[in-house]
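I am opening a notebook on this structure. My entries follow what I looked up.

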Amino acid sequence: MKQSLLIIYTLISLACFSQNYSGPESIEYVPFNQSYFISNSNNGQILELNNNNLSVFASNLPNGPHGLELVEEYIGSKWTGQVLYACSGGTLYGYDINGSQVLNYDLNGSFLNGITKKIGEDVDLFITDFSAKKLYRYNILENTHYEVCSFNKNPNGVYYDHLNNRLLVVCWGWNAPIYEVDIVNGTYNTIINTGLSNLDGITMDECGNIYVSAWSSNSIHKYDWDFSETEVIISGLSAPADICHDPINNLICIPNSGNNSLAFANASCNNSMLLESLKKRTLIKKIDILGKDVEKTYFKLEIYDDGSIEKKYILN
């Protein structure tokens, strides 16, 4: 195992702000204004960090909250911004970009923890239930859910790897495994037994590198896409929880639930051309699958001035 400590490492503690971190559990990057949402699991709040200003985005969640996931949504052909989904006890909550609650959906879960999105024919959220050892699939368009599978271990962080078309789940406990889940038939297999204990979060950078947070080492571990090689990219953390990747600034974003702080470290991906393109590109056209200008449709393509194309799904 290789081990290295990144030069760029920023720690942001509660002493910097009038609002405080209290058990920060999950962090989610917000592309349109380059801010971050952070779940305060000890006091029922979701905070927003924007240009070194920390404010309360949402409050009075009955449990946690824990995992966060941001999804772009539409009404008809009108882009309504993003909806932030939050795990709270056995319920899935949704908030628009102004902090107004738009969803209160009971999954009948025990302890909803990790959450990730899959963009395909439909927009789906995959959510782990830590206590019940289950994985749920929630369809945003249909506002329905079902159980995908049950695990032998307590599932924690979850990430849908669109590059390799697979769902990855990290687990709690000793010699914690990383699972790959077949979301069609509800089976799973162990990709690797990590030798680490109490894995919390998982994310991926633009180059396909996988990052995992571990309480046993208080570190972030990077794996190649096939999990054949690993290295510690940053250590000295404090109960690192549900991490995310900021593609614009090429950062791994880490909530330290043990000492109420955030840490930011450089990701290993050095695809500077891709990152620069993401920063500078401009939307020039919106069309449907037939090439017509978008009016009212469930599916559209957005074409940018750098030649890139993104698929978007419209929610009624």
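Is Ala239 buried or exposed? I looked up its relative accessibility and found 11%, so Ala239 counts as buried. The model is a predicted one, and I keep that in mind throughout.

**Entry: backbone of Ala239 and Asn260**

I stayed with Ala239 and checked its backbone. Its phi is near 50 degrees, a positive value in a residue other than glycine. I noted this because most residues other than glycine have a negative phi. Ala239 sits in the loop between strand S22 (230-234) and strand S23 (244-246).

Next I turned to Asn260. Its phi is also positive, near 55 degrees, and Asn260 is not glycine either. I found Asn260 in the loop that runs between strand S24 (251-256) and strand S25 (261-266). Its relative accessible area is 21%, and buried means under 20%, so Asn260 counts as partly exposed.

**Entry: a cis peptide bond**

Which residues does the cis peptide bond join? I read Gly64 and Pro65, with omega at about 5 degrees. I logged it because most peptide bonds are trans. Pro65 is placed in the loop between strand S6 (53-58) and strand S7 (68-75).

**Entry: cysteines**

How many disulfides does the structure hold? I counted 1. Cys207 and Cys269 form it, and their sulfur atoms are 2.0 Å apart. The angle about the S-S bond is 55 degrees, and the link is right-handed. I then placed the two ends. Cys207 is in the loop between strand S19 (199-204) and strand S20 (210-214), while Cys269 is in the loop between S25 and helix H1 (272-280), so the disulfide ties together parts that are 62 residues apart in sequence.

I compared the cover on each end. Cys207 is partly exposed, at 38% relative accessible area. Cys269 is buried, at 3%.

Why is there no bond between Cys244 and Cys253? I looked up the gap. The sulfur of Cys253 is the closest cysteine sulfur to that of Cys244, but it lies 3.9 Å away, and a disulfide needs a pair within 2.5 Å, so this is too far for a bond. Cys244 has 5% relative accessibility and counts as buried. I also checked Cys171, which is buried with a relative accessible area of 0%.

**Entry: Asp224**

I looked for a salt bridge at Asp224 and found none, although Asp224 is buried. What is the nearest side chain of opposite charge? I found Lys222, 4.5 Å away. A salt bridge needs the charged atoms within 4 Å, so Lys222 does not make one with Asp224.

Where is Asp224 placed? I found it in the loop between strand S21 (219-223) and S22. I then listed what Asp224 touches, leaving out residues up to four places away in sequence. The list reads Asn209, Ile210 and Glu229.

**Entry: the whole chain**

I finished with chain totals. How many helices and strands does the chain have? I read 1 helix and 28 strands. The chain has 316 residues, and 54% of them count as buried. It exposes about 13800 Å², with carbon and sulfur atoms supplying 46% of that area. I also looked up contacts between residues at least 6 apart in sequence. Of these, 43% join residues at least 24 apart.

How values were computed: Residues are numbered from 1 along each chain as its sequence is written. This is a predicted model: local features need pLDDT of at least 70, side-chain atom pairs count only at pLDDT 80 or more; totals for chains, interfaces and linings use all residues. Side-chain values use heavy atoms; hydrogens and water are left out. Helices (H or I, at least four residues) and strands (E, at least two) are DSSP runs, numbered from the N terminus. Buried means under 20% relative accessible area, exposed over 50%, partly exposed in between (1.4 Å probe, protein chains only). Lys and Arg count as positive and Asp and Glu as negative; His and the chain ends are not counted. Contact means heavy atoms within 4.5 Å. Accessible areas come from the Shrake-Rupley method with a 1.4 Å probe; for residues, only the protein chains shown count as cover.
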